[in-house]
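This report covers overall make-up, one helix, the cysteines and the charged side chains. The chain it describes is shown here.

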Amino acid sequence: MPRPILATIHTDALTHNLARARANAPDARAWAVVKANAYGHGLERAFEGLRAADGFALLDLDEAKRLRALDWRGPILLLEGCFDARDLELCSRLGLWHTIHCNEQIDMLAAHKTLLPHRIFLKMNSGMNRLGFKPERFRAAWTRLNVLPQVEEISLMTHFSDADGPKGIAAQLSAFNAVTHDLPGERNLSNSAGLMRHAPELAQASDWVRPGIVLYGSSSDFPEHSAADLGLAPTMTLSSKIIGLQNLVAGDSVGYGSQFVADAAMRIGVVACGYADGYPRHCGTGTPVLVNGVRTRLLGRVSMDMVMVDLTPVPQAAMGSEVTLWGRSASGAVLPIDEVAHAAGTVGYELMCALAQRVPVLLA
């Protein structure tokens with residue numbers, strides 16, 4: 001039989017989380033953000049659960065092609081726009097909407113020969129300082145685009161840097177509104193944190209919202225709010241089985257570097273999962289894990305192919321017992337991916353995207 005590790009993608013949870021995000025902005029249209037191969041879930045697998053979205057937002061032209069191959073005929077937005085003038089040909093052919101965040105992209109568009117004018121999302125750098133025109137340069141960019149025959153419609157867009165923290169969105173929203181208040185065009189503002197934390201402020205400001213991480217059952221501001229607090233369901237389960245058992249006595253150590261030493265007799269399980277599967281190596285002793293749906297802890301260092309777990313709370317555990325590294329166990333118990341990520345000093349996004357190719361994936 002194959003090695004007993006498995007990632008399960010829960011279509012029903014994707015659908016649920018999209019509806020939960022929509023509820024915070026019922027009058028806006030919703031992008032489903034599916035960049036990075038749908039946050040590691042697989043674009044084709046995630047599509048079925050997210051097809052109620054009004055559009056899909058992503059980065060790569062290859063992913064846009066794959067969406068069209070799935071017979072999606074609605075809007076697709078390139079969040080970083082085009083990287084080369086030749087990309088505009090594909091935008092014309094596939095009907096892609098794209099972001100403009102710099103003068104070079106305007107230059108490419110102005111030189112583009114097309115019979116089909118493009119839908120543009122002009123991005124303001126309102127304080128994130130990644131992509132976009134600074135407020136004092138934004139209207140000039142809008143004016144350049146507005147006279148181009150290659151442009152059908154201009155929408156307005158920004159991204160909030162601190163929507164998930166105490167700084168909030170007020171300063172950036174104010175900067176955006178001060179410049180755009182009299183410009184036509186739909187507004188595309190709310191990321192996951194903005195949508196879940198600042199819905200009242202953004203309710204009248206956003207024509208489009210773009211939920212990302214919340215679609216995949218992860219909180220945008222953990223540990224302040226858990227996924228359960230936000231009414232989200234886990235969309236990915238990483239599960240395996242116990243493939244070995246050891247009985248320790250006081251003084252026995254576990255794993256490379258002897259990072260854990262037993263202070264009394266105990267029983268441990270060896271699990272078929274390691275950092276080569278995408279499980280974070282930085283998870284140490286105490287990282288939560290479920291065995292037969294019962295919460296217990298990791299012991300010692302994560303190896304390439306194995307982790308060790310404490311079976312003290314699960315005395316009935318045996319060879320072949322179910323282990324849930326994150327997600328939903330067979331019994332219905334849930335281990336939030338955010339808790340595992342927090343133990344590794346990272347975020348749930350990274351764990352999802354790091355799922356290794358060697359891990360089989362089941363669509364449920």
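Buried residues make up 55% of the 364 residues in the protein chain. The model is a predicted one. Its chain has 12 helices and 19 strands, and its C-alpha atoms fill a box of roughly 80 × 40 × 35 Å along the principal axes. Of the contacts between residues at least 6 apart in sequence, 64% join residues at least 24 apart.

**Helix H1**

Helix H1 spans residues 11-23, 13 residues in total. From first to last C-alpha it reaches 19 Å, close to the 18 Å expected at 1.5 Å a residue. Its buried residues are Thr11, Ala13, Leu14, Asn17, Leu18 and Ala21. These residues lie on the same side of H1 because they cover an arc of only 160 degrees around the axis. Asp12 and Ala23, on the other side of H1, are exposed.

What do the buried residues of H1 pack against? Their partners are two helices and three strands: helix H3 (43-50) and helix H9 (192-197), together with strand S1 (6-9), strand S17 (322-328) and strand S19 (361-363).

**Cysteines**

The count of disulfides is zero. A disulfide needs two cysteine sulfur atoms within 2.5 Å. The closest cysteine sulfur to that of Cys102 belongs to Cys82 and is 10 Å away, so the distance is too far for a bond. Cys273 is in no disulfide either, with the nearest cysteine sulfur, that of Cys283, 9.5 Å away. Cys273 has 0% relative accessibility and therefore counts as buried.

**Salt bridges**

How many salt bridges does the structure hold? There are 18. Three of the pairs, each linking distant parts of the chain, are listed below.

| Pair | Closest N to O | Separation in sequence |
|---|---|---|
| Arg66 and Glu44 | 2.8 Å | 22 residues |
| Glu153 and Arg119 | 3.6 Å | 34 residues |
| Arg139 and Asp182 | 2.7 Å | 43 residues |

In the pair of Arg66 and Glu44, Arg66 belongs to helix H4 (residues 61-69) and Glu44 to helix H3. Arg66 is partly exposed, at 22% relative accessible area, and Glu44 is also partly exposed, at 36%.

The pair of Glu153 and Arg119 joins two strands, with Glu153 in S7 (residues 151-158) and Arg119 in S6 (residues 118-124). Glu153 counts as partly exposed with 31% relative accessibility, whereas Arg119 is buried with a relative accessible area of 8%.

In the pair of Arg139 and Asp182, Arg139 sits in helix H7 (residues 135-146), while Asp182 is in the loop between helix H8 (170-180) and strand S8 (187-190). Arg139 has a relative accessible area of 35%, so Arg139 is partly exposed. Asp182, at 46% relative accessibility, also counts as partly exposed.

Salt bridges also link Arg3, Asp277, Asp305 and Arg358 in a network.

**A buried aspartate without a partner**

Asp338 lies in helix H11 (residues 337-343). Asp338 is buried yet has no salt bridge. The nearest side chain of opposite charge is that of Arg295, 11 Å away, whereas a salt bridge requires a nitrogen and a carboxyl oxygen within 4 Å. Which residues is Asp338 in contact with, leaving aside its neighbours within four places in sequence? The contacts of Asp338 are Ser218, Ser219, Phe222, Ala227 and Gly348.

Methods: Residues numbered from 1 in each chain as written. Predicted model: local features only at pLDDT ≥ 70, side-chain atom pairs only at ≥ 80, totals over all residues. Heavy atoms only, no water. Helix = DSSP H or I, 4+ residues; strand = E, 2+ residues; numbered from the N terminus. Expected span 1.5 Å × (residues − 1). Buried < 20%, exposed > 50% of the residue type's maximum accessible area, 1.4 Å probe, protein only. Arc of directions from axis to C-beta. Contact = heavy atoms within 4.5 Å. Lys, Arg positive; Asp, Glu negative; His and termini not counted.
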